[in-house]
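User: I'd like to learn how to read aromatic contacts in a structure. Can you walk me through it?

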Amino acid sequence: MAAYAALLSLMHTIHHIKIHPRPPISLDQKQVESLMDNVTLLQKFLECYSSEENDELESRIAAAAYAAEDVIESHIVDQIHARSKISNVDLYQCLRGVMDLIKNEVMKIMGSQVEDPINAGLYGGLERVIVDMDLIKKEVMEAMIKEKIMRSQHHHLHSNSSVSAASVRPASKGRNSTMARFDDVLINEILDKLSGQQRHLQIIPIVGMGGIGKTTLARNVYSNQLIVQHFDILAWVTISQVYSRKTVLQVLCKENKGSEMSEEELGEMLHIIQMKFLNEDKSWDLLCEIVFGKELDCPIELENVGKEIARSCRGLPLSIVVIGGVLTHSNGARAHWEYTLQNLNSLINLEDSEHCLQILRTSYMELSMHLKPCFLYMGIFSEDDEILVSDLIELWIAEGIVRPIDDKRLEEVAEEYVKELIDKNLILIHELSWNGEAEICKMHDLLRDLCLREAQKQRFLCVLRQTELDIPLGVNMERHICIHDNTTEECCSQFNLATKSMSLTRSFVYKRRTYVGETAASPTLCLGLLRVYSVVGKYNSLVTYSDNTIFQQANLRYLCLYFRFDALSRFNSLCFLLWNIQTVRDIISHTIIETLNEYLCILQV
């Protein structure tokens, strides 16, 4: 997956240079053609033949793509920084034009005898990468031939095994994940406790393992008409693993002045609701509803294998919902159902929590290659984050992980990605926009855990949590780094020291929910090849940078932080340094300054 993302990113970088009216560097056309031929072939290999058996080969593909991108973007940044040292930009532009004309005429006369000294390092660096890619391409072509032979030998397993696609429920536009079914007894028990004639305040915890449906049950009760009509005030607050007791109380007190009772007194009135796993019949009913909808029945030829799949989910609603998302897009192929069951049977000896994570991983492995980087990238968001879809799309595009499709804007392609992930029950719709499309989405905690586990395993994303006091070894080689609510000044200081060697980092996301002092709240901005820099959270008015610091990040595409006035006011006069900027966000007003690429290119020198 990381290899595919690296190839996509390289392709976008080359494309941005190609379409730029005033590109910051010139690439040799023959080298570009060679690179793009290699990228196309390697992408096809990863889309059709990617497997864990090819991990070593995929790591080499990723390394080669990263190396090519490093050569190109380092040269771009060096060139822009060199030009920015000339105070009179208009004079420099005039002189550069004259020198370019002279150089071109000389090179026409003397041909290959004259080497362009400015681009010599770029050409030589790319030539070494191309040689490496050619070697990888040879191995890839051999692997593809072997795989084709193996698949042809097993072709008989897939013949005459499909059911009419019409029998499978089509993905519905803008639908949320199917709600798990609960016993009427369980729901009525909670409703009775909440609406009964009670003299004292009650607290009713709902307990059970992750994915069993606690939040879904609570939401169903919260929105039940009996509850809505019974209570004058309703309030919903989310408490994550990392939370502030004061913040939770403040949210509740917005609607209710609260009680004078102590925590001990509240604890004495607990009524615990213990959630149970679904039995086999209810597991099968839920799976059928997800795959076929309420109107269609399961085809008889899929019933036995389907019941085995439902049984293998061990009664956990989240597992059933996610596996149902996988089967929904199988077009009713019995072979695919049997393949899914075989994967589930291999997990039989795992403990419940690990069993659930591995089932979720099965759904991830079934994703199309182009969706995998976008899904894993969502690990940058904190637990229980409400994710604005428009923000998510901007980040995907800025990172270069959206696969271009002819005659479609990247934004349209990314919107389709969001819908696909929703249809596969990997992300949840939290709020709809006025036109019925997903506006805010969320991730289940276990699916987020899967994101983090897979992303870090593949060295695609490095997430530092508040409990990690030490910066991990090798962080200077990471391409995408995220810090979640790092509340220790020591760790932030360590990170600021580590950034001095992070010459390859392309994105840095810093999310703060708590305040621990100005020093810890101000990460150093000195990563030369950054594309995405985002500092978000409640206390980010403390995070300020001068205009010189911001505009030294010449490779930026996405910038989100609190601006000093001088930086924001001088943006238009200095944005020529940001050759490929796409989105600038001022946190305080949450205003997006979307400066059109054509406008930026006019200012580019």
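Analyst: Sure. Keep in mind that this is a predicted model. We can begin with how exposed a ring residue is: F292 has 2% relative accessibility, so with the cut-off at under 20% it is buried.

User: And how is a pair of aromatic rings described?

Analyst: By the distance of the centres and the angle of the planes. With centres required to lie within 6.5 Å, the count here is six aromatic pairs. Take F292 and W337: the ring centres are 5.9 Å apart and the planes sit at 25°, so this pair is stacked.

User: Which helices do F292 and W337 come from?

Analyst: F292 belongs to helix α11 (residues 280-292) and W337 to helix α14 (residues 334-345). They are 45 residues apart, so the pair links distant parts of the chain. W337 counts as buried too, because its relative accessibility is 0%.

User: What about W396 and Y417: how are their planes arranged?

Analyst: That pair is tilted, with 55° between the planes and 6.3 Å centre to centre. W396 is in helix α17 (residues 389-399) and Y417 in helix α18 (residues 410-423), so the contact ties together parts 21 residues apart in sequence. Both W396 and Y417 are buried.

User: Which residues do ring pairs link into a cluster?

Analyst: F508, Y510 and Y533.

User: Where do charged side chains sit over rings?

Analyst: R219 lies over the face of W236, 3.7 Å from the ring centre. For K372, the charged end sits over the ring of Y364, at 5.4 Å from its centre.

Methods:
Residues numbered from 1 in each chain as written. Predicted model: local features only at pLDDT ≥ 70, side-chain atom pairs only at ≥ 80, totals over all residues. Heavy atoms only, no water. Phe/Tyr/Trp six-rings, centres within 6.5 Å; stacked < 30°, edge-to-face > 60°. Helix = DSSP H or I, 4+ residues; strand = E, 2+ residues; numbered from the N terminus. Buried < 20%, exposed > 50% of the residue type's maximum accessible area, 1.4 Å probe, protein only. Lys NZ or Arg CZ within 6 Å of the ring centre and 35° of its normal.
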